[in-house]
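Good morning, and thank you for coming. I should like to take you through one structure today, beginning with the whole and then turning to its parts.

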Amino acid sequence: MVTKQFRGSPEDADLRRADSLAREIFSDVANKWAFLIIEVLGERTLRFSEVRNEVAGISHKMLTQNLRMLERNGLARREVHPTVPPRVEYSLTEPGQALRATVDGMCGWTQQYLGHIETARRSFDS
């Protein structure tokens, strides 16, 4: 997988630039599945099947892709225990826990304004 390289320039961190590293990272983590996975992993270390049970509606493929992306970006840790069969557990790293604070804020915002948004949708759709 090709990724942009961090050169330490202000352009790397500019989310408004399509070619920035920050935009690439933002694009990776700013999706509903990643947010939901971060939310459940922030509570405790979980096995793959436990994450899947906690995140209703996610397919095996999407869970695999998102866990790999979170691991690649250093937000989640995958630990394989040498047992038969191997036991694999996932947890958040320090940067992943820091991102969880933002995800928690998004979850709180959604719950706080759910009624307002639903009213606006009904008004718009009528």
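Of the 126 residues in this protein, 31% count as buried. Please bear in mind throughout that this is a predicted model. Its radius of gyration is 17 Å, whereas a compact globule of 126 residues would have one near 14 Å. Taken along the principal axes, the C-alpha atoms fill a box of roughly 60 × 40 × 25 Å. If we consider the contacts with a separation of 6 or more, 42% of them are between residues 24 or more positions apart.

As to secondary structure, there are five helices and three strands. Read from the N terminus on, the order of the elements is α-α-β-α-α-β-β-α.

Let me begin with the sheet. The three strands form an open sheet in the order β1-β3-β2, and the pairing is antiparallel. Strands β1, residues 46-47, and β2 stand at the edges with a single partner strand each, so one side of each is left without a neighbour in the sheet.

How many bridges join β2 to β3? There are six, between residues 76-81 of β2 and residues 87-92 of β3, and these two strands run antiparallel. Looking at individual pairs, A76 stands opposite L92 in β3, and R77 stands opposite S91 in that strand. The two strands form a hairpin, with five residues between them.

The loop of that hairpin deserves a moment. P85 has its place there, between β2 and β3, and the peptide bond leading from V84 to P85 is cis, with omega near -10°. As a reminder, most peptide bonds are trans.

On the other side of the sheet order, β1 and β3 pair in the antiparallel sense over two bridges. One residue to look for here is R47, whose bridge partner in β3 is E89. Helix α2, residues 32-41, packs on the sheet and touches β1 and β3; the direction of α2 makes about 95° with that of β3. Strand β3 is itself mostly covered, with five of its six residues buried.

That brings us to α2 in its own right. Is this helix mostly covered or mostly open? It is mostly covered, as seven of its ten residues are buried. The buried residues are W33, A34, I37, I38, E39, V40 and L41. They pack against both helices and strands, namely α1, α3 (48-54), α4 (60-72), α5 (94-125), β1 and β3. At the start of α2, a side-chain oxygen of N31 comes to within 2.9 Å of the backbone nitrogen of W33.

E39, one of those buried residues, leads us to helix α5, where R100 is found. Is R100 buried or exposed? With a relative accessible area of 15%, R100 is buried, because the limit for that class is under 20%. The side chain of R100 reaches the backbone oxygen of E39 at 3.4 Å. Leaving aside neighbours within four places in sequence, R100 is in contact with I38, E39, G42, E43 and L92. I38 and E39 are among the buried residues of α2, and L92 is the residue in β3 that A76 stands opposite.

Finally, I turn to helix α1, residues 21-29. Which residues of α1 are buried? They are L21, A22, E24 and V29. These four cover an arc of only 160° around the axis, which puts them on the same side of α1. What covers them includes α2, α4 and α5.

F26 also lies in α1, and I should like to set F26 beside the buried residues just named. The relative accessibility of F26 is 47%, so F26 counts as partly exposed, the range for that class lying between 20% and 50%. The C-alpha atoms of F26 and L15 are separated by 7.8 Å, and the two residues are eleven apart along the chain.

To draw the threads together, I would ask you to keep two places in view. One is α2, which packs on the sheet against β1 and β3 and whose buried residues also meet α1, α3, α4 and α5. The other is R100 of α5, whose side chain reaches the backbone oxygen of E39. Thank you for your attention.

Note on methods. Residues are numbered from 1 along each chain as its sequence is written. This is a predicted model: local features need pLDDT of at least 70, side-chain atom pairs count only at pLDDT 80 or more; totals for chains, interfaces and linings use all residues. Side-chain values use heavy atoms; hydrogens and water are left out. Two strands pair if DSSP finds at least two bridges between them. Contact means heavy atoms within 4.5 Å. Axes are lines fitted to C-alpha atoms, for helices over the stretch in contact, and angles run from 0 to 180 degrees between N-to-C directions. Buried means under 20% relative accessible area, exposed over 50%, partly exposed in between (1.4 Å probe, protein chains only). A polar contact is a pair of N or O atoms within 3.5 Å; within protein, one must be able to donate a hydrogen and the other to accept it, and residues adjacent in sequence count only if both atoms are side-chain atoms. The arc is that of the directions from the helix axis to the C-beta atoms. The radius of gyration is taken over C-alpha atoms; the globule rule is 2.2 Å times the number of residues to the power 0.38.
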